[in-house]
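Please open the model in your viewer and keep the sequence panel visible. The tour below proceeds by selection, one stop at a time.

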Amino acid sequence: MASIAACSSPGIVPKQEHGEDPMQIDSNAPEQRHINRVPEGLLLTDYLRIYYGKLFPYMDMFKWLSYGNADGKHPGCDSSYFGRREFSFTIKSDRDEIYLRFQSFSNASEMESAIKAKCPTKIDIGAVYTVDPAKRHAYAQSGFSPVERELIFDIDITDYDDVRYCCSGADICSDCWPLMTIAIKVIDTALREDFGFNHILWVFSGRRGVHCWVCDSRARRLSKEQRSAIADYFNVYKGGENSLKKVTFSGPLHPSLARAYTDVLKHYFEEKWISTQKLFEHEERFHKILQLIPDESVVSELAGKWQGSRLEHVNSVRWDQLKHMLQSGSKKTQGLRRCIEEIVFSYTYPRIDIQVTKGMNHLLKAPFCVHPGTGRVCVPIDPNNCEQFDPTSVPTLAQLLEELNANASIGTDNYMEKTSLGLSVNFFRTSFLEPLFKTCKEELESAYNTKIQQSKDSLNW
Ligand SMILES: [Zn+2]
């Protein structure tokens, strides 16, 4: 056994009860991806205690979720704003899991103390309510309801299990992860260009998906109906769970879908997906594609052609044959040509969890949480460089604590900067938090001035 950890600073990294160093790994182990996993069960809370004690970015989270209201000096600030936000904690004990909803904190230090004391394995963020959620029973008469909530998207790779063949369930690999990259590109572009939103945060869910938080004030104040309309805007899958054909287009493609197809989906499907997933190499896979073509003669002709023959570049050759047949001569009807697009969309277009986006008070895991299964931190993803994001190189809890140990002698109290989490937190601050904060200040100022002007006007009457 070789140790990758320089555990020179006892006290930072917890030891397992039976004395074995949890940082010890077998350097010859074939499954290198397991080296940074937090050992199951017993130690997670100990690791989390250190993470929450030294690394979790409380102030950044507070600044974000205050949306400019934390600056008590400005008369336009709503000092109750942060305190009306629901948090929920998942706490693991030896025997079971406890779920605490409607937690609330009036400031950053209250939040910090509660998280340190309860050491949750998961923190979820909910809506901002009419009153402090912890006191909701006292206000039951006058009405306790959500008033603001970021527009959120939850995309999970398991929802693509009927079209990916490299992995299934919770597993991901470098072949199927690009489906998440596609989802980020398509949705991010539409949110900015079609809806005019600017303050969008993308976060790795810790294992097999991504979350999106749209934080513009206009997005936070959307009604339930408006959220439903936006969710439907992104939903091209109408066929239902058991229907073979999930995507059907009639008439010209909506400009947003046409843009997604030309800029992202087509290229990715043709250059990567058909070959990595061997879509035309195996009979049951190509039959699944042929089932999407509503023309018996085309289907039987292609199926006959592909029977038994083995060629080089079989996937791209057969895709070209399919396209050629649907576009050529007598088959050149709008409906069949549409089929090509329908196939590409069926395999690659983002699959969002509609209910999460529609709901006003749906909870979503907080950024910078740690996934209890993988030990990976839910770090932000830069939508402009999402191709470069590699979920398998996201820092794990064990890795961060190892870095803390290795850099213990560096003379600074800024623990974050001693670890690779520093990069993610800096990205969060500079790319998301600072521009958001600037907009919040401007909006606060202008809302306040309007209010003053209105009260002056009413006096003049
Ligand atoms: Zn895969």
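Two strands pair if DSSP finds at least two bridges between them. Helices (H or I, at least four residues) and strands (E, at least two) are DSSP runs, numbered from the N terminus. This is a predicted model, in which local features need pLDDT of at least 70 and side-chain atom pairs count only at pLDDT 80 or more, while totals for chains, interfaces and linings use all residues. Residues are numbered from 1 along each chain as its sequence is written.

**The whole chain**

Display the complete chain, which contains 14 helices and 11 strands. Of its 461 residues, 36% are buried (20 or more other C-beta atoms lie within 10 Å of the residue's own, with C-beta atoms placed from the backbone).

**Strand β8 and its partners**

Select residues 200-204, strand β8. Because 5 of its 5 residues are buried, β8 is largely enclosed by the rest of the structure. In a regular strand the side chains alternate between the two faces of the sheet. Show the side chains: Ile200, Trp202 and Phe204 point one way from β8, and Leu201 and Val203 the other way.

Add residues 209-214, strand β9, which pairs with β8 in the antiparallel sense over 5 bridges. Here Leu201 has Trp213 as its bridge partner. Between the two strands of this hairpin lie 4 residues, and Gly206 takes a positive phi near 105°.

Next add residues 380-381, strand β11, which runs antiparallel to β8 and is joined to it by 2 bridges. Which residue of β11 is the bridge partner of Val203? Pro380 in β11 holds that place.

**Helices α2 and α3**

Select residues 58-66 for α2 and residues 108-118 for α3. The two helices pack at an angle of about 130°, with their axes 9 Å apart. Axes are lines fitted to C-alpha atoms, for helices over the stretch in contact, and angles run from 0 to 180 degrees between N-to-C directions. This angle makes α2 oblique to α3; angles under 35 degrees count as roughly parallel, over 145 as roughly antiparallel, 65 to 115 as roughly perpendicular and the rest as oblique.

Now show Tyr58, Met59 and Phe62 in α2, which meet Ala108, Met111 and Glu112 in α3 (residues are in contact if their C-beta atoms, placed from the backbone, lie within 7 Å).

Finally, highlight Met61, Lys63, Trp64, Leu65 and Ser66, the buried residues of α2. These buried residues pack against β3 (85-92) and α14 (421-460). Just after α2 comes Tyr67, with a positive phi near 50°.

How values were computed: Two residues are in contact if their C-beta atoms, placed from the backbone, lie within 7 Å. A residue is buried if 20 or more other C-beta atoms lie within 10 Å of its own, exposed if 12 or fewer, and partly exposed in between; C-beta atoms are placed from the backbone.
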